[in-house]
Amino acid sequence: MLRLLLAWTINALALWICNGIFSSVSIHGAWAYIIGAAVLGIANTILKPILALLTLPLIIVTLGLFLLVINIAMVALAEWIAPNFSINGFWTYVGVVVIIWVVNWAAYRLIDELENKRPLGRTI
């Protein structure tokens with residue numbers, strides 16, 4: 001449960017950063033961040049692996065570039081479901097996907113580092 005809450009927080013942080021960086025991203029209100037982050041988390045957990053499996057030949061032919069299209073679809077789904085959340089322009093979608101990927105990568109790398117430095121319990 002803590003891991004799920006952490007994933008939602010990281011996705012909400014990534015959306016907040018995207019809202020600050022891109023003028024074509026408009027996210028207003030805490031619920032827009034919460035719902036958008038939840039949709040991203042659920043879509044990336046359930047839909048993305050299914051879509052990746054179904055489009056595997058296309059992913060192979062494009063050397064993985066089609067995964068960007070799948071990620072754009074996940075962000076578009078979050079935009080469609082979350083209230084007060086809009087993104088205008090294809091290149092803005094690409095930028096949002098890249099920012100979300102970088103924030104998630106950095107956050108989980110930091111979490112892994114902190115978990116590795118945590119002292120282990122004593123064994124007798």
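This passage walks through one helix, one loop residue and the main nonpolar core of a predicted model.

Helix H1 is a good place to start. With 20 residues at 1.5 Å a residue, H1 should span 28 Å, and its end C-alpha atoms turn out to be 29 Å apart, so the expected and computed values agree. Several residues of H1 are buried, namely Ala 7, Ile 10, Asn 11, Ala 12, Ala 14, Leu 15 and Cys 18. What do they pack against? The buried residues of H1 pack against S1, H2, S2 and H5.

Right after H1 comes a loop. Phe 22 sits there, between helix H1 (2-21) and strand S1 (25-27). Setting aside neighbours within four places in sequence, Phe 22 is in contact with Thr 92, Gly 95, Val 96 and Ile 99. Phe 22 can also be compared with Asn 88: the two are 66 residues apart in sequence, yet their C-alpha atoms are 9.8 Å apart in space.

Now for the core. In soluble globular proteins, nonpolar side chains tend to be buried together. The largest nonpolar core here has 32 residues, and Val 75 and Ile 100 touch the most other members. Two or more residues come from each of H1, S1, helix H2 (30-54), helix H4 (66-81), strand S2 (85-87) and helix H5 (90-117). Which element gives the most to this core? That would be H5, with nine residues. As for Val 75, leaving out residues up to four places away in sequence, its partners are Leu 40, Ile 87, Tyr 93, Val 96, Val 97 and Ile 100. Val 96 thus turns up twice, touching Phe 22 as well as Val 75.

Notes: Residues are numbered from 1 along each chain as its sequence is written. This is a predicted model: local features need pLDDT of at least 70, side-chain atom pairs count only at pLDDT 80 or more; totals for chains, interfaces and linings use all residues. Side-chain values use heavy atoms; hydrogens and water are left out. Helices (H or I, at least four residues) and strands (E, at least two) are DSSP runs, numbered from the N terminus. Contact means heavy atoms within 4.5 Å. A nonpolar core is a set of buried Ala, Val, Leu, Ile, Met, Phe, Trp, Tyr and Cys residues joined through side-chain atoms within 4.5 Å. Buried means under 20% relative accessible area, exposed over 50%, partly exposed in between (1.4 Å probe, protein chains only). The expected span of a helix is 1.5 Å times one less than its number of residues.
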